[in-house]
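New page in the notebook. I want to look at how the inside is packed and where space is left over.

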Amino acid sequence: MATSGDGPVRTMAWVVDHPGPIASAPLGRVERTVPEPGPGELQIEVAACGVCRTDLHLAEGDLAPRRPGCTPGHQVVGRVVRRGPEARGFSPGDRVGVAWLAGTCGRCRYCLAGRENLCPASRYTGWDLHGGYAGYTVADARFAYRLPEGPPDEELAPLLCAGIIGYRALERAGLPPGGRLGIYGFGASAHLTAQLALARGATVHVLTRAERARRLALELGAASAGDAYGAPPEPLDAAILFAPVGDLVPVALSALDRGGTLAVAGIHLTDIPGLDYRRHLFQERTLRSVTANTREDGRAYLAEAARHPPVVHVRRYGLDRADQALADLAADRVTGVAVLVAD
């Protein structure tokens, strides 16, 4: 993955060259020096990186880039190559995961209250810092996850965002034990979250536009799978909206039983139409957003996934085909999750 000559070691990386529609080829392929680990950081050779819809939002400009020429990718599985000064907890050769949350201040009232995902100074992999669409990356050791040796790289990678953010969304939805959960949209995160809810004893109803996704939902154990704008066969105790479609907010709220909660899991959402108080919110229905995750969320989800390993439906792409992977995601040609795998 890295090349050398008379100068510094070089590696391939993808960068958001000019944000815009995916058809305009916003990603560019470059060669750059392998990044050196700074204080407290790990240098990591990337083995696999999941492709997230957040990466697509960044490439297309729905999320304004926070640094020029940023390398996307925040579901990174790799091996520690070197440690920077004061980097603790890992050794060269360790299998490690890098997720979306890359750093926080550790001092604000949110961090001190265990709500570091709301830290105003929070930083994110593949948005503030270069991510995993590259041969090598660096990460703060305090925000990295130790990964088990058994599962394949491409099956672990999606757990680091799709799995973790789905876990937090499920917690935010307040699903009672044995409750009825509605899932709107059925991509990478949703297909992992559905399995998590099922393992906890929930009844899961999936509502999504793609016929292939509906079939997958039923194969994984969903009680029903219908159109995103349709009604589930029974009232819902909780619902999670994964599709970045604001029009579905009133649809999902209408499907809730009294006291139910809708959690919106995406970082980007199109405009929400007007809500009717009596139809959508009265009788103590609740609408919540989900903002990133804490490291404790990550540790808790990875532990639960180890106890109940999910079936991860992976579509593999070589690291040199990141542009095609994003194009397929944009066109809804990916069922399950796309993962870039190093050669």
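**Cavity first**

I sorted the lining of the largest cavity by class and got 7 nonpolar, 2 polar and 1 charged residues. This is a predicted model, where local features need pLDDT of at least 70, side-chain atom pairs count only at pLDDT 80 or more, and totals for chains, interfaces and linings use all residues. Numbering runs from 1 along each chain as its sequence is written, and side-chain values use heavy atoms, with hydrogens and water left out.

I noted that a cavity is a set of points on a 1 Å grid over the protein atoms alone where a 1.4 Å probe fits but cannot get out, and that lining residues have an atom within 4 Å of a point. I found 1 cavity of 30 Å³ or more, and the largest has a volume of about 60 Å³. Its lining includes V98, T125, H130, D140 and F143. I see β9 (136-140) giving two or more residues, as does β7 (101-103); the largest share, 3 residues, comes from β9.

**Then the cores**

I looked up the largest nonpolar core (buried nonpolar side chains joined through atoms within 4.5 Å; buried is under 20% relative accessible area, 1.4 Å probe, protein chains only). It has 45 residues, and L159, F186 and Y301 are among those with the most contacts inside it. Elements giving two or more residues include α4 (162-173), β11 (180-184) and α9 (295-307). The most, 7 residues, come from α4.

I checked Y301 too: leaving out residues up to four places away in sequence, Y301 touches L159, G163, I164, Y167, L192, L196 and P310. A second, separate core has 38 residues, including L42 and V76.

Technical notes: Buried means under 20% relative accessible area, exposed over 50%, partly exposed in between (1.4 Å probe, protein chains only). Helices (H or I, at least four residues) and strands (E, at least two) are DSSP runs, numbered from the N terminus. Contact means heavy atoms within 4.5 Å. On a 1 Å grid over the protein atoms alone, a cavity is a set of points where a 1.4 Å probe fits but cannot get out, and a pocket is an open set with protein on both sides within 12 Å along at least five of seven lines; lining residues have an atom within 4 Å of a point. Grid points are joined across faces, edges and corners, and a volume is the space filled by probe spheres set on the points. Ala, Val, Leu, Ile, Met, Phe, Trp, Tyr, Cys and Pro count as nonpolar, Asp, Glu, Lys and Arg as charged, and the others, Gly among them, as polar.
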